[in-house]
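Colleague: I am new to this structure. Please take one part of it and walk me through that part closely.

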Amino acid sequence: MTLSTSHDHDRIPTPDQIQRDDLGRLVAVAWLGTAEGQQAGSARWLVAVDGSACALHAVQAAARLVALGQGSGIDLVHVQSWLSKEAAETGLARGGWAATALARHLLQAASIPWNLHVLMGEAANEIVGLAHRLGSLGIAVGSHGLTAAESVLLGSVADQVLRRATLPVLIVNGAPAMPATPGA
């Protein structure tokens, strides 16, 4: 079964897990991805993905660690701001699936097992909370390269995760370098 819209490319698989709050609002969805049969957590990295190039760079860094034997797979997490009950029903899963498309593709191409968790709430709290609930090896998060003043004024998610987490945090600066073009 898939969730779909009028366009075939918008189809997403039905989540394997859903969670609702006391009001019945959808607040979390998860797909087992290519890590079916594997436990989330303990030997896996949790990587925060917001759809940005910086987040993709964090996925690449965690994938390199897994390829080197530092972990058995990756749990991707995408956090969206609070949505109304109606908006969450259609937007939470779809938004998370779309924002993580490149990350999932990268992990599949590298044959790295992954799970995807899409949560609603305040990003840093949800990322750190999920990492602890899963018993993750560590958290990898991309940094958009804010200056110290910008971080204080704007509240960098990477900075907040680093301050709140009690497990290792890998902060990956900047966007990934473009691959060299042959003959250039």
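Modeller: Here is a close look at a pair of packed helices, followed by the helix between them in sequence numbering.

Keep in mind that this is a predicted model. Start with the setting. The chain contains six helices and nine strands. It has 184 residues, and 42% of them count as buried. Take the contacts with a separation of 6 or more: residues 24 or more positions apart account for 72% of these.

Now the pair. Helix H1 covers residues 53–67, and helix H3 covers residues 101–109. Two packed helices are described by the angle between their axes and the distance between the axes. For H1 and H3, the angle is about 20° and the axes lie 10 Å apart. Angles under 35 degrees count as roughly parallel, so H1 and H3 are roughly parallel to each other. Their crossing is right-handed.

Which residues meet there? H1 brings Leu 56, Val 59, Gln 60 and Ala 63. H3 answers with Leu 102, Ala 103, Leu 106 and Leu 107. An α-helix has 3.6 residues a turn, so residues three or four places apart point the same way.

Next, helix H2, residues 85–99. H2 has 15 residues. From first C-alpha to last, H2 reaches 20 Å, close to the 21 Å expected at 1.5 Å a residue. H2 also bends, by about 40° at Gly 91. Buried residues in H2 are Ala 88, Leu 92, Ala 93, Gly 96 and Trp 97. Two of these, Leu 92 and Ala 93, come just after Gly 91 in the numbering.

Key:
Residues are numbered from 1 along each chain as its sequence is written. This is a predicted model: local features need pLDDT of at least 70, side-chain atom pairs count only at pLDDT 80 or more; totals for chains, interfaces and linings use all residues. Side-chain values use heavy atoms; hydrogens and water are left out. Helices (H or I, at least four residues) and strands (E, at least two) are DSSP runs, numbered from the N terminus. The expected span of a helix is 1.5 Å times one less than its number of residues. The bend at a residue is the angle between axes fitted to the seven residues ending there and the seven starting there. Buried means under 20% relative accessible area, exposed over 50%, partly exposed in between (1.4 Å probe, protein chains only). Axes are lines fitted to C-alpha atoms, for helices over the stretch in contact, and angles run from 0 to 180 degrees between N-to-C directions. Angles under 35 degrees count as roughly parallel, over 145 as roughly antiparallel, 65 to 115 as roughly perpendicular and the rest as oblique. A crossing is left-handed if the near helix is turned anticlockwise from the far one by less than a right angle, and right-handed if clockwise. Contact means heavy atoms within 4.5 Å.
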